[in-house]
Amino acid sequence: MSLFRSARISFDHIAGGAAWVAAIFALGLGDGLAISSAHAAGGVVESRTGTAPDRYVYYPGTEELAEGEVRVIACGTGMPDQRRGQASACFLFEFGNGEKFIFDIGTGSMRNINSLMIPAEYLTKIFISHLHTDHWGDLDALWAGGWTAGRPVPLEVWGPSGQTPEMGTAYAVDGFLRAFNWDYQTRAFKITPLPGQIKVHEFDYKQENEVVYEENGIVVRSIPAIHAGDGPVSYIIEYADLKLVFGGDTSPNKWFVKHAKDADFVIHEAFANPDYFLNDYGQPAQLAWRACCEFHSSGPSFGKVMSEINPGHAVGYHTMEEAHAQLLLDIRTTYDGPLSIAMDMMTWNITADGVTERMAVSPDRASGVPGPTRQPPPDPSIPNPTSDFIRSGEWGPGFNAQNEMLDDFRDENGLADVDWRPAKPWYEPN
Ligand SMILES: [Zn+2]
Ligand SMILES: [Zn+2]
């Protein structure tokens, strides 16, 4: 940590690897940017049996946050067509007071969040910038996946209104729960109902820097964004004298420039240029130069915004990694301050002393980590969603084949009172 702890980072991190750093040098960008390949490789090994404590790596679950510290992990940085190596927009904010907020939960991002091995009961507060699926499409995975992984309480979603009620967050979540009604009813019966609820806090998308959340020393404010239609917002987060900004999709807008000014840490979208969308992304030219640059922010526009607000550290996202090198060139035409172009699992620690950046290294096959709270048992008042017709199809020999295994489990866990088998017509105890 100490390697990076020194004040604001003055070098670029893109793609987090020496190859990219080399590419930047090849592009002639190294001049004056103090890029060091040592930073990208990380750590110094002093002996054959030594360790490298300052590696460019964050191992989830191994570091307690200090009071007044915030850790931000990019859990999705790409485009709506999420891919295995890059999910759609999602940033996890972990605060020194124990709170954890998810800012946008784009498609595919839950795979990254789950790899951080955080108990599901701590992942209940979601702030949505706008209702494009690449910013909330994985709510289903958190909702149902967290339910099965032991979350004992409902989710809470904060999000903007729209020009009409049908364009707002409350309508979207209501529709979400209708779409997943079968999922809800069956899990509510089999597991427990409460974690299937979603409490919505919808606020006026037009409000400017008004408080949408205030609790436990954290204040979250919203400002309007300009993107595709009325409704999108960006969030300003205040905690322990730190000001952090999470920008959802937006073209350059006056509210962001005004209210993100001098923030310690500012996330804002940064799109690849029209040539990329035309030549590498399959968009027609008439769309390519509007998608990047009318309802999103291109590299030069992102840089202009950052030059104006002068953040402690700027983070750009929403670009495929293979376009990062060009995006960096585009940004550097208008901004020369501290900068990261985010890739999935990039991790920042933010304190009053400055910002550090590493990559989170986490397992592909992490499974649910239990927290201290146990889910309540099933609610007996909920009707069984399986009819007698379907139950009459249960094939006894298949069920009875597992009796020995289940008898052992029953005895080991004291489940004699709730043995579900004796009521079945096919049950043949050993
Ligand atoms: Zn969008
Ligand atoms: Zn987007």
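In strand β4, Cys90, Leu92 and Glu94 point one way, and Phe91, Phe93 and Phe95 point the other way. Every one of these residues is buried. The strand is thus described as mostly covered, with 6 of its 6 residues buried. The model is predicted, and the values below are computed from it.

Strand β4 has a partner on either side. With β3 (residues 70-76), β4 is joined by 6 bridges, and the two strands run antiparallel. Val70 stands opposite Phe95 in this pair. With β5 (residues 100-105), β4 (residues 90-95) shares 5 bridges, again in antiparallel fashion. Here Glu94 stands opposite Lys100, and Phe93 faces Phe101 of β5. The hairpin of β4 and β5 has 4 residues between the strands. Gly98 in this hairpin takes a positive phi near 100°.

These strands belong to an open sheet of 9 strands. The order is β2-β17-β16-β3-β4-β5-β6-β7-β8, and the pairing is mixed. At the edges lie β2 (57-58) and β8, each of which pairs on one side only. Helix α7 (residues 169-179) packs on the sheet. Its contacts there are with β7 (155-160) and β8, and its direction makes about 160° with that of β8.

The protein chain as a whole has 16 helices and 17 strands. Its radius of gyration is 24 Å, close to the 22 Å that the globule rule gives for 430 residues, so the chain is as compact as a globular protein of that length. The C-alpha atoms fill a box of roughly 80 × 65 × 45 Å along the principal axes. Of the 430 residues, 42% are buried. Among contacts with a separation of 6 or more, 66% join residues 24 or more positions apart.

The largest nonpolar core holds 89 residues. Those with the most contacts inside this core are Ala74, Phe91, Phe93 and Val266. Phe91 and Phe93 point the same way from β4. Val266 touches Val245, Ala260, Ile309, Pro311, Ala314 and Val315, leaving aside residues up to four places away in sequence.

One of these partners, Ile309, is a buried residue of helix α12 (residues 299-309). The other buried residues of α12 are Gly299, Ser301, Phe302, Gly303, Val305 and Met306. Their cover includes two helices, α9 (254-259) and α13 (324-331). It also includes the strands β13 (265-269) and β14 (314-317). Just after α12, Asn310 takes a positive phi of about 55°.

Helix α6 (residues 139-148) has Leu139, Leu142, Trp143, Gly146 and Trp147 as its buried residues. Seen down the axis of α6, they fall within an arc of 115°, so they line one face of the helix. Gly150 follows α6, with a positive phi near 110°.

Two further residues have positive phi without being glycine. Asn209 has a phi of about 65°. This residue lies in the loop between β8 (198-203) and β9 (210-215). Asn209 has 11 other C-beta atoms within 10 Å and is therefore exposed, the limit for that class being 12 or fewer. Ala228 has a phi of about 70°. Its loop runs between β10 (218-224) and β11 (233-239). Ala228 counts as partly exposed because it has 17 C-beta neighbours inside 10 Å.

Ser115 is a loop residue that is buried. The loop in question lies between α4 (109-114) and β6 (125-127). Ser115 has 20 C-beta neighbours inside 10 Å, so it counts as buried, the threshold being 20 or more. Its contacts, not counting residues up to four places away in sequence, are Ser362, Pro363 and Ala366. Gly175 lies 60 residues from Ser115 along the chain, and their C-alpha atoms are separated by 29 Å.

Note on methods
Residues are numbered from 1 along each chain as its sequence is written. Chains are lettered from A and ligands numbered from 1 in the order in which they are written. This is a predicted model: local features need pLDDT of at least 70, side-chain atom pairs count only at pLDDT 80 or more; totals for chains, interfaces and linings use all residues. Two residues are in contact if their C-beta atoms, placed from the backbone, lie within 7 Å. The radius of gyration is taken over C-alpha atoms; the globule rule is 2.2 Å times the number of residues to the power 0.38. A nonpolar core is a set of buried Ala, Val, Leu, Ile, Met, Phe, Trp, Tyr and Cys residues joined through C-beta atoms within 7 Å. Two strands pair if DSSP finds at least two bridges between them. Axes are lines fitted to C-alpha atoms, for helices over the stretch in contact, and angles run from 0 to 180 degrees between N-to-C directions. The arc is that of the directions from the helix axis to the C-beta atoms.
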